[in-house]
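Visitor: Please take a close look at one small sheet in this structure, and then carry on from there to the ring contacts and the main pocket. I would like a careful, connected account.

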Amino acid sequence: MRLSRYFLPVLKETPSEAQIASHRLMLRAGMIRQQAAGIYSWLPLGFKVLRRIEEIVHQEQVRAGHIPLLMPTLQPADLWRESGRYDDYGEEMLRIQDRHKRDLLYGPTNEEMITDIFRTHVGSYRDLPLTLYHIQWKFRDEIRPRFGVMRGREFLMKDGYNFDIDKDAALHAYNRHMVAYLRTYERMGLTAIPMRAASGPIGGDNTHEFLVLASTGESEVFYDTAVTDLKLGARKVDYDNRDEVSAICEEFTSLYARTDETHDEAAFAAVPEARRKVGRGIEVGQIFYFGTKYSEPMGATVVTPDGSRVPVHMGSHGIGVSRLVGAIIEASHDDRGIIWPEGVTPFHAGIVNLKQGDSATGGVCDQLVAGLEAAGLAPLYDDREERAGAKFATMDLIGLPWRITVGPRGLASGKVELTCRRSGESDEMSPEAAVERLREIYAHH
Ligand code: 5CA
């Protein structure tokens, strides 16, 4: 993509309404535009990151055996009257009437609707286990939308729902989600720690939240610092193997890590003092097991092998897809701008032409674009008539992890410069070698 033909409305001034780095940087980098409190348009750069995050979420869900579908944003109130939540949900729910005066709502979550789909189409234990999920916009009329996409009113969530024959099978689904989530966040360059949590309006006893440590996080967290060293890494997981999956969950949840909702001073005191830490975190996901809370009142039952009918055991599992864009920036930026992890970057590399209009630098830039695209990578080529300093500042702000600088001085000896956004280190090499290096780096992402 040529920057001169792209739509990247960067801001020079720091927007005064933004209180935290990610919100400021998303506005300055031209990623989002606020349309109403907690409601945003996703401009092209922001939209690209959102799509990349979605793609990782999809891949890891499918890898765990979960099946995507798509439910609507608007839901009939009657479904929620069946579960009793239409009245319980309160002011956070946006209620709407259509022209026939039928009550609708903009979905804050989808337990009722998925349970309706299940009861309509599934009736036998033979069809279990089943986990269905979607990535869809939600609306919650938050009292205090703030921090940009972190606490929005309209936000994108992945929500998945498991249906199982009994509690053991449902707890396996819960564990499967935990492991799939760990892998999802790691691919985004994040350390997200599962912490035992309180369930709130979703219901259920077993629930974990996933928290990304950040001083601007909304939740207070208490943890054993050893938990931050745990990594899933490249290990292969057989998601059907209950023992294997549960052993991984055990590994990631046995060290002390709790939010203020479930914090236990006595248990915390047992952690060696040097490893005891109180901090803040951003909740980027939550998993729940809630048994038959919805299947019973809504009649979602299956026939068992002995011919009896039982309500299915369910759980629901959410990832804050749009919130993740902010969380990743909170975890990865400096005073010049964003630093995208390779796994989610909107473009793989920036190309800066230091002498616009010069046929030699222009020719090499074109060659780099073609080479990178042939390697399956997406470069952003800054071909604007701008000073070098302005081009570097834009690249630093939008945070592409790698930059190739092409100038007449280097080209005199056939060299371009490859610079790492995170470390600031630069290496001189031929254009071909730069393409090859980037191909290798991205082979793992
Ligand atoms: N039905 C369950 C799981 S599918 C559910 O709704 N869970 S939740 O309430 O915990 O939301 C899931 C995730 O969505 C949260 O962990 C958080 O990352 C994200 N989220 C929740 N509220 C907002 C909001 N107002 N703005 C942005 N993201 C949000």
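Guide: In this predicted model, the sheet to begin with is an open one, in which three strands are arranged in the order 4-6-5 with antiparallel pairing. Its edges are formed by strand 4 (74–76) and strand 5 (94–97), each of which pairs on one side only. Direction ignored, neighbouring strands of this sheet are turned by 35 degrees against each other on average. Looking at one of the pairings in detail, strand 5 and strand 6 (residues 103–106) run in the antiparallel sense and are joined over four bridges, and within this region Ile96 is found opposite Leu104 of strand 6.

Turning from backbone pairing to the rings, the model contains 10 aromatic pairs. One of them joins Tyr6 and Phe347, whose centres are 5.5 Å apart and whose planes make 80 degrees, an edge-to-face arrangement. Because Tyr6 sits in the segment before helix 1 (21–28) while Phe347 belongs to the loop between strand 18 (337–338) and strand 19 (349–353), this contact ties together parts that are 341 residues apart in sequence. Both Tyr6 and Phe347 are buried.

A further pair is that of Phe222 and Phe268, with ring centres 5.9 Å apart and planes at 85 degrees, so this pair too is edge-to-face, given that the class requires an angle over 60 degrees. Phe222 lies in strand 11 (residues 219–224) and Phe268 in helix 8 (residues 265–269), so that distant parts of the chain, 46 residues apart, are linked. With burial set at under 20% relative accessible area, Phe222 counts as buried at 9%, and Phe268 is likewise buried, at 6%. Elsewhere, ring pairs link Tyr181, Tyr185 and Phe210 into a cluster.

The last part of the picture is the largest pocket, which holds about 890 Å³ of space. It is lined by 42 residues, and those closest to its centre are Arg140, Arg151, Glu283, Gln286 and Arg323. Two or more lining residues come from each of strand 8 (154–164), strand 13 (276–291), strand 16 (313–320) and helix 10 (321–331), and strand 13 gives the most, with seven residues. By class, the lining is made up of 14 nonpolar, 16 polar and 12 charged residues.

Definitions and conventions
Residues numbered from 1 in each chain as written. Predicted model: local features only at pLDDT ≥ 70, side-chain atom pairs only at ≥ 80, totals over all residues. Heavy atoms only, no water. 1 Å grid on protein atoms, 1.4 Å probe; cavity = no way out; pocket = protein on both sides within 12 Å on 5 of 7 lines; lining within 4 Å. Points joined across faces, edges and corners; volume = space filled by probe spheres on them. Nonpolar A, V, L, I, M, F, W, Y, C, P; charged D, E, K, R; others polar. Pairing = 2+ DSSP bridges. Axes fitted to C-alpha atoms, helices over the stretch in contact; angles between N-to-C directions. Phe/Tyr/Trp six-rings, centres within 6.5 Å; stacked < 30°, edge-to-face > 60°. Buried < 20%, exposed > 50% of the residue type's maximum accessible area, 1.4 Å probe, protein only.
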